[in-house]
Amino acid sequence: MDPRYWFTAKEYGWGWSPATWEGWTVTGVFVLSVVAWAFVAPPKKSLKKFLFGVGACAFVFIGIAWATGEPAEWRWGASS
């Protein structure tokens with residue numbers, strides 16, 4: 001039985017795309033977190049603090065995608 005992945009692998013390149021409602025929810029929370037962080041630490045006032053927050057959000061998002069997505073590998077499209 002295949003596991004149900006929240007994120008499926010892209011057809012070309014390396015990475016994932018949301019495939020289930022859980023994946024889309026995690027992606028939405030990531031985007032909202034980055035936007036909220038822009039209000040907490042505006043980049044014009046404290047660029048280092050802003051970049052740290054965005055980096056932390058991205059780290060968590062990538063970790064969730066890695067744990068719940070298809071195995072990561074470089075893909076060259078559908079093989080015939």
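**Exercise 1.** In which loop does Trp-74 lie?

*Solution.* We work with a predicted model, and we begin with the elements that make up the fold. The protein chain holds two helices and four strands, which follow one another along the sequence in the pattern β-β-β-α-α-β. Near the end of this pattern, Trp-74 is found in the loop that runs between helix H2 (47-68) and strand E4 (75-76).

**Exercise 2.** Determine which residues form a nonpolar patch on the surface together with Trp-74.

*Solution.* The partners of Trp-74 in this surface patch are Trp-14, Ile-62, Trp-66 and Trp-76. Taken together, the residues of the patch have about 700 Å² of accessible area. As a setting for this value, the protein chain exposes about 6,100 Å², and 70% of that area is supplied by carbon and sulfur atoms.

**Exercise 3.** Describe the largest nonpolar core and the contacts of Phe-61.

*Solution.* We first recall that a residue counts as buried when its relative accessible area is under 20%; by this criterion, 22% of the 80 residues are buried. The largest nonpolar core is made of five residues, namely Phe-7, Trp-16, Val-26, Phe-61 and Ala-65. If we then set aside the neighbours of Phe-61 within four places in sequence, its contacts are Phe-7, Val-26, Thr-27 and Phe-30.

**Exercise 4.** Compare the radius of gyration of the protein chain with that of a compact globule of 80 residues.

*Solution.* For a compact globule of 80 residues we would expect a value near 12 Å, whereas the protein chain has 15 Å. As a further step, we look at the box filled by the C-alpha atoms, which is roughly 50 × 25 × 15 Å along the principal axes.

Definitions and conventions: Residues are numbered from 1 along each chain as its sequence is written. This is a predicted model: local features need pLDDT of at least 70, side-chain atom pairs count only at pLDDT 80 or more; totals for chains, interfaces and linings use all residues. Side-chain values use heavy atoms; hydrogens and water are left out. Patches are made of residues with over 30% relative accessible area and no salt bridge: like charges are joined within 9 Å, nonpolar side chains (Val, Leu, Ile, Met, Phe, Trp, Tyr) within 5 Å. Accessible areas come from the Shrake-Rupley method with a 1.4 Å probe; for residues, only the protein chains shown count as cover. A salt bridge is a side-chain nitrogen of Lys or Arg within 4 Å of a carboxyl oxygen of Asp or Glu. The radius of gyration is taken over C-alpha atoms; the globule rule is 2.2 Å times the number of residues to the power 0.38. Buried means under 20% relative accessible area, exposed over 50%, partly exposed in between (1.4 Å probe, protein chains only). A nonpolar core is a set of buried Ala, Val, Leu, Ile, Met, Phe, Trp, Tyr and Cys residues joined through side-chain atoms within 4.5 Å. Contact means heavy atoms within 4.5 Å.
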